[in-house]
Structure formats: structure tokens, C-alpha cells
Amino acid sequence: MQPRNMSMSGVVDLAAVKAAGEAKVKAEQARAEAARQGGGGAVPPSALVIDVDEAGFESDVLQRSTEVPVVIDFWAEWCEPCKQLGPLLERLAHEYNGRFVLAKVDVDANQMLMQQFGIQGIPAVFAVVAGQALPLFQGAAPEAQIRQTLDQLIQVGEERFGLTGIAVDQDAAAEGADQAPAEVPAGPYDALLEAAVQALDANDFPAAVQAYKNVLADDPANTEAKLGLAQAELLGRVKELNPQHVRNEAAEKPADVTAQLAAADLDLVGGHVEDAFGRLVETVRRTFGDDRDAARVRLLELFEVIGPDDPRVVAARTALARVLF
């Protein structure tokens, strides 16, 4: 399990798609009605990436999802990770050529949609397939993992709901390609990042850590490598832990910094982000010297796993500042 993108591995659980048979029938009926009315023709490439608001959500997302999986990117202008993830998703939408449609939702202008999807932090990515909502992942993620998630999503759309995608006007696509600038060559770190992802998938966390460190040695600001390193180090720490033992130790020895650090790691991996942050802030408050520094550093490391723009990180940073100063 990967704590930053909790559902990236095996994100689409077929058993969790409720009322799949009913949704498939509805999707087939909707496609038949669209064909009867003369719809369902080829769309221009510009239709593969759309901006969606609350007023148009039903037609642009729910109805469209009866024809093709719709991936929803919840973003905001102030969100730095969004500025990295958004262009990547747009590029993939065009590359997949109608196998899915990308709907972009500005959360600042569409608070109701954000609340309806239960979003705690951005960027957050969901999908709607035949009217069924599926959480995909939150925060930045390596391209290889995003591709794997999209492939699984498309497979669900085809096997469970008969969604084979939408046709794209190839003449318009070719015309756009002629006018588009030359594709930027792949970055020099792609091979190392891919090796790190493969190591994570194989649970070889030391190898993943080293691969990410190799990237950061040359490019200390590489966001993907920083995020991946924080994930790999966390997973490596919890791999051999006995959860029951760790939690008993933490409960019985509140002053034991080592026990609190281990419990915080387990909290985060288990999805209890605020509990992990609160535990470490309290540990910082009650300790001094090296113990306090160890708790503070671990808290900063866990911030990296979640992402600096997540509201829970912002709140925990404020709490940390209060106890430190």
C-alpha cells in the first residue's frame, strides 16, 4: 500500500462497484438513445479535456460517463502540485485518444462538488463510470502509476459496463498535431523514476529509496522524487512492524519517543493522517533536545508524504509552530 496514493495499487476494485449490472443496462440504454437521436459521432480532440462546473456536472460528467469513463481532476490555481499533475493528465487524455475524458473542476469555484465528493485535499482525482463514482488517488503521483490506474479504469469500463470509449475526429487531431510544437523529449530522470516505481511495486523499499536519492542528488527540487522518497522511506520503516505491539507500546509509554514515531508511521499508512500529525506535535511539545528534534524531523517527513498544500498539513504546521515557539 502506498500512503500518498492509498488506492493507486489495484485502485479499481470490481467488487466495490455497486449495482454494476443495473448501471450497465442504463449505460446501454443511454448509448442507444444517443445513437437514435444521431449522437455518438466523432468528437474533436478539444472535447477530451473539459472544464466542468456544478451547473454542467450532470450533462458533462454523469451523462457522458454512460459513453466513456470520465476522470475528474479537482484542482485550484493556488495548488502547486495541481500545476504539475494537471498538464500530465491532459497529455494522457489526448494520448489515450478517447478511451477516457478528463473533466477539470476548480474547487474554489465549485465548493459544493468538492463537498459531495468528500475531498480533504487537492489535487484529488476521481472517476465516474456509468454513473458510478470511484476514488482514484490524491496528490501528485508518478506517471507510470497514473497510467496503470487509467488502464485499470478503462478495463472496468469495458468489462463491466461495455464502455469502449468515444471516437475522435482524426482529421482534426492530425491538423492540431501539425500546428503543435515538437514534443519535449523525456527528461533525464525518467529511467531512474521508473526503476523506483518498479522497486516500490516489488516491495523493495531500499532500492526505491536509492533510486529516488540518485535523482535528488542531481536535482534536489525534483517534486516526484521527493514525494517518492518520503513514501519509500515510510513503507520501509513500517514493513517489519507488529502493529499491535507498536500501539501497545505507544499507549503504555507516552514519553517513549521511539514508540510514538513508530505509531505515527502506522497511523499515516492506515490513513489516519490527523492522528499521526497530532501524535507527533504532542511528542514535540512534551520533549526536549534530541528527542524533540527527532519527533520534529519525522513530522516534516510525513508532511512530504501528504503534500505541502493539503489542509491537514497546513493545520499541523501551525500547531507545530505553536509548540516550538
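User: In this predicted model, what phi does Ala 130 have in the turn between E4 and E5?

Analyst: The model is predicted. E4 and E5 form a hairpin, with two residues between them. Ala 130 sits in that turn, and its phi is positive, at about 50°.

User: In which sense do E4 and E5 pair, and over how many bridges?

Analyst: Take one facing pair from these strands: Ala 127 stands opposite Leu 134 in E5. The pairing of E4 with E5 is antiparallel, and the bridges number six.

User: What is the strand order in the open sheet?

Analyst: The sheet has five strands, and its pairing is mixed. E4 and E5 supply an antiparallel pair. E1 and E3 supply a parallel one, over three bridges. The order is E1-E3-E2-E4-E5.

User: Why is one side of E1 and of E5 left without a neighbour in the sheet?

Analyst: E1 covers 49-51 and E5 covers 132-138. Each has a single partner strand, so one side of each stays without a neighbour in the sheet. Across the sheet, neighbouring strands are turned against each other by 25° on average, direction ignored. The reason asked for is position: both strands stand at the edges.

User: Which residue in E3 stands opposite Val 49?

Analyst: E3 spans residues 101-106 and pairs with E1 in the parallel sense. The residue opposite Val 49 is Leu 102.

User: What angle does the direction of H5 make with that of E5?

Analyst: H5 runs over residues 143-161 and packs on the sheet. There, H5 touches E2, E4 and E5. Its direction and that of E5 make an angle of about 170°.

User: Which helix gives the most residues to the largest nonpolar core?

Analyst: This core has 28 residues, and those touching the most other members include Leu 234, Leu 268 and Phe 277. Elements giving two or more residues include H9 (223-238), H12 (273-286) and H13 (289-306). The top contributor gives eight residues, and that helix is H11.

User: How many residues make up the second, separate core?

Analyst: Its members include Leu 102, Ala 127, Ile 146 and Leu 153. Two of these names have come up in the sheet: Leu 102 opposite Val 49, and Ala 127 opposite Leu 134. The count for this core is 25 residues.

User: Is Arg 298 buried or exposed?

Analyst: Arg 298 is found in H13. Beyond residues up to four places away in sequence, Arg 298 touches Arg 237, Leu 261, Asp 265 and Leu 280. The cut-off for buried is under 20% relative accessible area. Arg 298 has 15% relative accessibility, so the class is buried.

Conventions
Residues are numbered from 1 along each chain as its sequence is written. This is a predicted model: local features need pLDDT of at least 70, side-chain atom pairs count only at pLDDT 80 or more; totals for chains, interfaces and linings use all residues. Side-chain values use heavy atoms; hydrogens and water are left out. Two strands pair if DSSP finds at least two bridges between them. Helices (H or I, at least four residues) and strands (E, at least two) are DSSP runs, numbered from the N terminus. Axes are lines fitted to C-alpha atoms, for helices over the stretch in contact, and angles run from 0 to 180 degrees between N-to-C directions. Contact means heavy atoms within 4.5 Å. A nonpolar core is a set of buried Ala, Val, Leu, Ile, Met, Phe, Trp, Tyr and Cys residues joined through side-chain atoms within 4.5 Å. Buried means under 20% relative accessible area, exposed over 50%, partly exposed in between (1.4 Å probe, protein chains only).
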